[in-house]
Amino acid sequence: MHTTESSSDRAEDTAAACRTVPTGAQPAPDDTRLGELWSLLPEDSRVTSEGVLEIGGVPVTELAEQYGTPLYVYDETGLRKRIRAFVDGLAARWPNSQVLFASKSFPAVAMYRLAHEEGAGIDVAGGGELRMALAAGVAPERIHFHGNAKTDAELKMALQAGIDTIIVDNENELDRLNRLLTTPQKLLLRVIPGVDAKTHASQATGGLDSKFGLPMDQALAAIERMRSHPLMDFEGVHLHIGSQILDTKQFAEAVEKISTAGTFPTYDVGGGLGVKYTYDDDDPGIDEYLDAIVAAARRHLPSDARLLIEPGRSIVARAGVTVYAVTTVKRTGRTFVAVDGGLADQLDVALTGQRFEAVIANRVTDAWTEIAQVVGRQCESGDLLVDWAPLPPAEVGDLLVLAATGAYGYTMANNYNGALRPAVVFASGGHSRLVVRRESYEDLLALHEPISETTTAANTAAANKAASLPKEDDPHA
Ligand code: LLP
């Protein structure tokens, strides 16, 4: 679904893809498994006898009441299970291995902690992610540091923290390391394998025009440079061909290509396993993915090599949903259901044309009698969350849950139109806990230098008015 060029093409494709759900499709009254929707929602989800969606045993209505909307909600048990499936699955197939959670997909301190507890190492891309990993108590020797444009300050921080491995991207970075290293440091080199990931252009990084890493011919010179440096402990090569990849042949091809770079102690084959976002997507799943890369590793890599993988999206996407309140329902040329969030908290809709599926969480088992377009509240026409959503007739105040939004949503949340970044909650065993609090208007203003000149009467009145306004966005007001 990521191959089309224009947004109108994409919209048509998505509409066509979604037509497998017939208008008026309705779950049987006693059926709490909502057909295909169920395979998109967190594993630990169910519907109460009142027709309310529960995640981790907590009704979404309660979560919205307690924490407000928009709200990112994660099934904590589901997150733990997915990490374990990767960690145990890879160890069983290739014992000399490590799973590194690609933390850019969901960089919350609580998530770093959880990944660490379940046995994964952490991949960070930048000083901010490094600080969050350390704040979560992740041991530095389980952290790998990425980035195509690392600064001196970040490299110094990584060296000072004593992280395990730096993934070198280019020759300038080697110049920097040459200046900064005072003790031996493990290094991998990111190479461009020249593999078409067959995904959306913005998510493909394995082709020769990628800004990440060095092509094979230039990689050899960089490898020689590291090998001859007394403090550069060159361990091997890294690749990452892209993200949201649904065909495992691409991963196998990448393993084969990377083997041509030479014989090394370590091969890191990146992340990229795709997930099911819409009814029509077909995702390979963790076992098929691991089977594919390990089979290729057995054929092409030294049998005693250390094999690393860096999954992000495939760990966190399905475990997370976003809860919105419906603010507007407009039945004009078509039915528009607008919610109190949008691309400010779900940037992928605009960045990659990603589409999701929706459910009215307070009336899950009501008949789906209407096809709505679910839109956000940001001032962009690309702020379209679901193009063709079979729903019961939505009403203002309904809670709309967008499924499979656990990856790259929170991390790319922004303040477009003055939006406040939503809170993040983990739910499990009938309990919920706040892991990231909602941004407040005070937070929003805190970075801005105050205007000190309030000499005119109008300015003074405006300042007084501002001081009397609520500091928080109160969804219950
Ligand atoms: N390793 C490296 C070096 C990466 O750059 C990435 C993702 C991963 C691992 C994890 O890939 P995953 O398993 O999550 O596919 N904002 C885009 C995705 C960008 C992915 C960036 N790199 C999106 O939301 O689609």
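On helix H7, the face turned away from the buried side carries Asp 152, Ala 153 and Gln 160, which are exposed. The helix itself runs over residues 152–161, and its buried members are Glu 154, Leu 155 and Ala 158. Looking down the axis of H7, these buried residues fit within an arc of 100°, so they line one face of the helix. This is a predicted model, so it is the predicted coordinates that are being described here.

What do the buried residues of H7 pack against? Their partners are two helices, H6 (127–135) and H8 (171–180), along with two strands, E7 (143–145) and E8 (165–168). Just after H7 comes Gly 162, and its phi is positive, near 80°.

Stepping back to the whole protein, there are 15 helices and 21 strands. The radius of gyration comes out at 24 Å, close to the 23 Å from the globule rule for 477 residues, so the protein is as compact as a globular protein of that length. Its C-alpha trace spans about 65 × 65 × 45 Å along the principal axes. Of the 477 residues, 49% are buried. Contacts also reach across the sequence: take those between residues at least 6 apart, and 71% of them join residues at least 24 apart.

The chain splits into two domains. Domain 1 is put together from two stretches, 7–75 and 317–436, while domain 2 covers 77–315. Their centres, taken over C-alpha atoms, sit 31 Å apart. Where the two meet, 34 residues of domain 1 are in contact with 23 residues of domain 2. On the domain 1 side, at least two residues each come from helix H1 (7–18) and from strands E4 (71–75), E20 (423–428) and E21 (431–436). E20 gives the most to that side, with 3 residues. Sorted by class, the side of domain 1 that touches domain 2 holds 18 nonpolar, 9 polar and 7 charged residues.

That leaves the ligand. How many residues surround it? The count is 21, and the closest are Ala 102, Ser 243, Gly 271, Gly 312 and Tyr 408. By class, this shell has 12 polar residues, 5 charged and 4 nonpolar. Why does the ligand lie between domain 1 and domain 2? Both domains give residues to the shell around the ligand, so that is where it lies.

Technical notes:
Residues numbered from 1 in each chain as written. Predicted model: local features only at pLDDT ≥ 70, side-chain atom pairs only at ≥ 80, totals over all residues. Near = placed C-beta within 6 Å. Nonpolar A, V, L, I, M, F, W, Y, C, P; charged D, E, K, R; others polar. Domains from an automatic or database assignment. Helix = DSSP H or I, 4+ residues; strand = E, 2+ residues; numbered from the N terminus. Rg over C-alpha atoms; globule rule 2.2 N^0.38 Å. Buried ≥ 20, exposed ≤ 12 C-beta atoms within 10 Å, placed from the backbone. Contact = placed C-beta atoms within 7 Å. Arc of directions from axis to C-beta.
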